[in-house]
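Got a new model open and wondering what all the labels rest on? Let's go through a few of them, one question at a time.

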Amino acid sequence: MRKLILTAATALAICAQAKVTLPYVMGDNMILQQQTEARLWGKTTAKEVKVTTSWDNQVYTAKASKNGDFIVKVKTPKASYTPLSITFDDGDRLTLNNILAGEVWVCAGQSNMEMPVKGFGNCPVEGYNDAVITANQYKGVHFVKIPSVMRVEPQWNSEPTEWKEVSPQTVGEASATGYFFAQVINKALDVPVGLIMANKGGSRVESWLTKENLEKYTKEPTDSAGIVAFKPEWDYHRAMLWGNGTFNPILNYTVKGILYYQGCSNVGDPGDQYSERMKILVEQWRSQFGLGEIPFYFVEIAPYHYDNADADWGAKLREQQYKASLAIPNSGLVSTNDLVYPYEPTQIHPAQKKPVGQRLAYLALNKTYGMDAVGCMSPSYKDMRVTGDIVDIHLNNDLGAISRFEDIQGFELAGEDRVFHPAKAVHFWQPGGGYWDETIRITSPEVKHPVAIRYCFKNFQIGNLKNAAGLPLFPFRTDKW
């Protein structure tokens, strides 16, 4: 009899404590994507959940599945700094407070996206103190860091985490690239900005692909036995597992777009493998989010020696990133060729993260938010004309100017012997109008009959040619040697 009484008491206690279970990505301080139908989801032991939104007192009813899962869409208001709340009621009430409506972006990729404002060990972020001192000027910037974990099966929830408001005490924990992006968006649009940081240092593009895509397009192991048997040098190189544990928990969240900084761990991939898999990944994420062709803005890997500064395998990965930017609709690529210091050839985490975030924001402001006056595109190689020992080239997206007429660094020329030599490059203006008026003229005394040009096409080589918006020329080559 005593055992029966204890069991009943326990049951009553469980019922008294029962509440809707929400994923950790949903909580106090979260940012909801403004003026849309934002998805809210969770688990319950009841048959349905009533969801009430404070901004319009609207009540939504979500039916629970046999497994207790529920999901509901709620209409969100225009962005503002007015705190909002949402109440979930399945017989017991749970209220989320200090919610704001604004713009929500995902910060994905590997360590250069994960790198916080306070930096990593022996990897400082330039401007850290300034970010701390000025943090209170950026009201309404909130972030949540999804813990990086591996899982064999896709997870509906992450490990414990919480949304945080940016302040002098918290800003050091935010992704530096993401936070400096948010600064610009917050000031330019005067709206709250939410950052969902779902990334993992050292991860490959394959780390985020689903089992189905890996089996269709790669030879990566996806079954438990194969995963256990496969022993990469580092766990962060494992395919699929990071996506299952770290990214899958956010896929129901309603977001504006994705920021992505990754590629170092794929240096050395053959042919067009990286650009093809990048395209597959973006298609996968867009399908999983179910929000249409959301913007995807990503970052070129910075110059790094990769054990041989003059070799080109890092340059070939950057070339693959550029190809991916042309193949992926509604995307944009940020060049970082100028964002390392000469003393950083062995620093895989360059200190200049603020310009990276700003350049991502320029893409978003121009291409997503319609601020056409913001220059957002780096110049790229367009064409060339050879006259004797002179090569004249033209660029796309110079935006009406180049940054310098003399001392242009980073160009090389080669003849039919395929040996590249440092070249002199100057701005050249030929009077008289016509197609060939404005060029960059390139010569090298060692190359009498040039056939190919390269610009910063090495693992570590810093260029200094930029367009009118101060954005650097993408590294390139005209050969396929």
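**How the labels are earned**

Q: Why is Lys466 called partly exposed?
A: This is a predicted model, and in it Lys466 has a relative accessible area of 25%. Buried means under 20% and exposed means over 50%, so Lys466, at 25%, is partly exposed.

Q: What makes Asp338 and Lys466 a salt bridge?
A: Their side chains come to 2.9 Å, N to O. The cut-off is 4 Å between a side-chain nitrogen of Lys or Arg and a carboxyl oxygen of Asp or Glu, so the pair at 2.9 Å counts.

Q: Which parts does that pair tie together?
A: Asp338 sits in the loop between β13 and α10, and Lys466 in the loop between β20 and β21, so the link joins parts 128 residues apart in sequence.

Q: Is Asp338 buried or exposed?
A: Asp338 has a relative accessible area of 12%. Buried means under 20%, so Asp338 is buried.

Q: How do you know that Glu283 and Lys279 form a salt bridge?
A: The N to O distance is 2.6 Å, and the limit is 4 Å, so the pair qualifies. Both lie in helix α8, four residues apart, about one turn of the helix.

Q: What makes Glu283 partly exposed?
A: Glu283 has 44% relative accessibility. Partly exposed is what lies between buried, under 20%, and exposed, over 50%, so 44% earns Glu283 that label.

Q: Why is Arg238 called buried, and what is Asp235 called?
A: Arg238 comes in at 13%, and buried means under 20%, so Arg238 is buried. Asp235, at 42%, is partly exposed. The two form a salt bridge, with their closest N and O atoms 3.1 Å apart.

Q: How do you know that Val356 is buried?
A: Its relative accessible area is 2%. With the cut-off for buried at under 20%, Val356 is buried. Val356 belongs to helix α10, and among its contacts beyond four places in sequence are Tyr261 and Leu339.

Q: What makes β14 and β15 a pair?
A: Pairing takes at least two bridges, and these strands have seven, in the antiparallel sense, so they pair. One of the matches is Val386 with Val391 in β15.

Q: Why do β14 and β18 stand at the edges?
A: The open sheet runs β14-β15-β19-β18. β14 and β18 each have a single partner strand, so one side of each has no neighbour in the sheet.

How values were computed:
Residues are numbered from 1 along each chain as its sequence is written. This is a predicted model: local features need pLDDT of at least 70, side-chain atom pairs count only at pLDDT 80 or more; totals for chains, interfaces and linings use all residues. Side-chain values use heavy atoms; hydrogens and water are left out. Helices (H or I, at least four residues) and strands (E, at least two) are DSSP runs, numbered from the N terminus. Buried means under 20% relative accessible area, exposed over 50%, partly exposed in between (1.4 Å probe, protein chains only). Contact means heavy atoms within 4.5 Å.
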